[in-house]
Amino acid sequence: MYRSRRHKVIAGVCGGIGERFGMPPTLVRVLFLLSCLLPGPQFVAYVIMWIFVPQAPVASEHGYQHSNRW
């Protein structure tokens, strides 16, 4: 799973979840916001995913290019 580069609003976490499960990123964002009304660590989970889930590789005309950052 990657954070989305195309469907990015803040960090691309919800966009990446939407791309991974074939859902519209807007629906994932709305569901996340609604879940924040319930008690729990949703915001903390978002920040943790922001830190630990890598950003999607940059697309090229031949597919994806993986960075040598790691």
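# Exercises on cysteines, charges and rings

At 35% relative accessibility, C36 counts as partly exposed. The model in which these exercises are set is a predicted one.

**Exercise 1.** Determine how many disulfides the structure holds, and explain the count from the surroundings of C14 and C36.

*Solution.* Begin with C36, whose sulfur has its closest cysteine sulfur in C14, at 8.8 Å, which is too far for a bond. The search from the other side gives a matching result, since the sulfur of C14 finds its closest cysteine sulfur in C36, again at 8.8 Å and too far for a bond. A disulfide would require the two sulfur atoms to lie within 2.5 Å. The structure therefore holds 0 disulfides. As for their surroundings, C14 is buried, with a relative accessible area of 9%, whereas C36, at 35%, is partly exposed.

**Exercise 2.** Find the salt bridge in the structure, and state which parts of the chain it ties together.

*Solution.* A search of the whole structure returns 1 salt bridge. R6 forms this salt bridge with E19, and their closest N and O atoms are 3.9 Å apart, a distance to be set against the cut-off of 4 Å. Because R6 lies in the segment before α1 and E19 in helix α1, the pair ties together parts that are 13 residues apart in sequence. Turning to accessibility, R6 counts as exposed at 68% relative accessibility, while E19, at 37%, counts as partly exposed.

**Exercise 3.** Identify the aromatic pairs, classify their geometry, and work out which residues they link into a cluster.

*Solution.* The count comes to 2 aromatic pairs. One of them joins F32 and Y46, with 5.4 Å from centre to centre and 35° between the planes, and it is classed as tilted. F32 belongs to helix α2 (residues 25-35) and Y46 to helix α3 (residues 42-52), so this pair ties together parts that are 14 residues apart in sequence. Both F32 and Y46 are buried. The next step concerns Y46 and W50, which form an edge-to-face pair with 6.3 Å from centre to centre and 75° between the planes; the edge-to-face class calls for planes over 60 degrees apart. Y46 and W50 both lie in helix α3, where they are 4 residues apart, about one turn of the helix. Y46 counts as buried at 10% relative accessibility, but W50, at 40%, counts as partly exposed. Taken together, the ring pairs link F32, Y46 and W50 into a cluster.

**Exercise 4.** Describe the place of W50, then name the residues of the nonpolar surface patch and give their accessible area together.

*Solution.* W50 has its place in helix α3. W50 and R3 are 47 residues apart in sequence, yet in space their C-alpha atoms are 7.7 Å apart. W50 also belongs to a nonpolar patch on the surface, which is formed by V9, I10, V44, I48, W50, I51 and F52 and has about 760 Å² of accessible area together. Among these residues, I10 sits in the segment before α1 (13-21), and at 55% relative accessibility it counts as exposed.

**Exercise 5.** Which residue lies over the face of F21, and at what distance from the ring centre?

*Solution.* R20 lies over the face of F21, and its distance from the ring centre is 5.4 Å. That value is to be compared with the cut-off, which asks for CZ of Arg within 6 Å of the ring centre.

Technical notes
Residues numbered from 1 in each chain as written. Predicted model: local features only at pLDDT ≥ 70, side-chain atom pairs only at ≥ 80, totals over all residues. Heavy atoms only, no water. Patch = residues over 30% accessible without salt bridge, like charges linked within 9 Å, V, L, I, M, F, W, Y side chains within 5 Å. Areas by Shrake-Rupley, 256 points an atom, 1.4 Å probe, with all protein chains shown as cover. Salt bridge = Lys/Arg side-chain N within 4 Å of Asp/Glu carboxyl O. Helix = DSSP H or I, 4+ residues; strand = E, 2+ residues; numbered from the N terminus. Buried < 20%, exposed > 50% of the residue type's maximum accessible area, 1.4 Å probe, protein only. Phe/Tyr/Trp six-rings, centres within 6.5 Å; stacked < 30°, edge-to-face > 60°. Lys NZ or Arg CZ within 6 Å of the ring centre and 35° of its normal.
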